[in-house]
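Me: I am new to this structure and would like a close look at a single part of it. Please start with one residue and then work outwards to the contacts that join separate stretches of the chain.

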Amino acid sequence: MKINDVIKEVDLSKRAIKYYEEEGLLKVQRNHNGYRDYSKENIETLKEISIYRKLGISIQDIKEIQKNKNDAILTDILKKMEMELTEKSDEVNALRNYIQTRNVEDIYNQIDYQTIANAIQDAIPGFIGFYFINHFLPYLQIKIETKEQQEAYDKIVEYWDNTEIKLPLNYKITGYLLYKFMPKPTMKDMIKKMDQTILEYTQITPEKYEKLKKQVLNGVKVKNNFLYKHSIAGITQRRFMKELQDKGYNDIFIPNMIKLSPKYKEYHDALQSVNKKICDELGLYYDSNFQLVMKK
């Protein structure tokens, strides 16, 4: 069966099907002409993958399901869904009682945010929340479950309550235009992108690594070029990085975000590991302004 026939059978794009094959989730035979020949078993596998992705299961976890042939991951998701249904039922009853009694104290103690993302968007609203928090939201589609998470959340809120970070004018204008006028991606798309990014860094291929290393090296050369260093863009970028460092962004906000979100910790640790390897190989280090420079 050709791929054009496959997409009529399953609700997936050609790009997605090829991506799943590249990730090792799908093994497709080729015919004597070298073209992919999808079997009924491949169709079944693609439907299973589609189900798992709709349930929010990561590519890595799907690999585990396929490899070990056990239902542990699916059972965990079922328990989570059952718990969410119970919580939703409690909220429905609480709202019904509130409509009847108008007792604010009762419902206040029973109703909570569905996710940390919902809570933090209300705690850090408006343009500043959009500029500094929006890209963290996919990592925060969970509830607070531990004392450490609660303490981290409180410290993040306290940090933004007491910190004023001065955005360069051009950053502010660009960010505000995005905030007000650009269409926002769906959370589903943001989560999908997050999963792909984590996978890219946790299982980085030699080709991807070499490409990334070249990008880093070229970026360092550009930013340390005399013309760029003394340009408005270069001066603005260095001042902003120093502003973030001086205001505790890297020492308070990021460490607490790591404690708050296991997913963000996974991404951050993988990124730092790749970054350290590249810096060691290229002889790079961060200077006092938090800029990557080459050792002399």
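Reply: In this predicted model, a good place to begin is T163, which has a relative accessibility of 12% and therefore counts as buried, since the cut-off for that class is under 20%. T163 is found in a loop, the one that runs between helix α9, residues 147-161, and helix α10, residues 169-181. The side chain of T163 has a polar atom that lies 2.6 Å from the backbone oxygen of Y159.

From that loop one can turn to the wider layout. The domain assignment divides the chain into domain 1 (3-66), domain 2 (72-109) and domain 3 (116-294), and the centres of domain 2 and domain 3, taken over C-alpha atoms, are separated by 34 Å. The UniProt record, an unreviewed entry, places the feature "domain: HTH merR-type" at residues 1-68; that span is 60% helix and 6% strand, and its end C-alpha atoms lie 28 Å apart.

The next subject is charge pairing. Side chains of opposite charge can pair when their charged atoms come close, and the structure holds 12 salt bridges. One of them is formed by K63 and E23, whose closest N and O atoms are 3.4 Å apart. This pair links distant parts of the chain, 40 residues apart, with K63 in helix α4 (residues 59-68) and E23 in the loop between α2 (14-22) and β1 (29-30). E23 has a relative accessibility of 23%, and so it counts as partly exposed.

Another salt bridge brings together the side chains of R53 and D195, at 3.7 Å from N to O. Because R53 lies in helix α3 (residues 40-54) and D195 in helix α11 (residues 187-202), the pair ties together parts that are 142 residues apart in sequence. Both R53 and D195 are buried.

A further salt bridge is the one in which the side chains of E281 and K213 meet, at 2.8 Å from N to O. Here E281 belongs to helix α16 (residues 262-282) and K213 to helix α12 (residues 206-223), so parts that are 68 residues apart in sequence are tied together. The two partners fall into separate classes of accessibility, because E281, at 42%, counts as partly exposed, whereas K213, at 16%, counts as buried. Finally, salt bridges that share partners join R53, D195 and K263 into one network.

Note on methods: Residues numbered from 1 in each chain as written. Predicted model: local features only at pLDDT ≥ 70, side-chain atom pairs only at ≥ 80, totals over all residues. Heavy atoms only, no water. UniProt positions renumbered as here; feature names shortened; annotations may be inferred. Helix = DSSP H or I, 4+ residues; strand = E, 2+ residues; numbered from the N terminus. Domains from an automatic or database assignment. Buried < 20%, exposed > 50% of the residue type's maximum accessible area, 1.4 Å probe, protein only. Polar contact = N/O pair within 3.5 Å; in protein donor to acceptor, adjacent residues only side chain to side chain. Salt bridge = Lys/Arg side-chain N within 4 Å of Asp/Glu carboxyl O.
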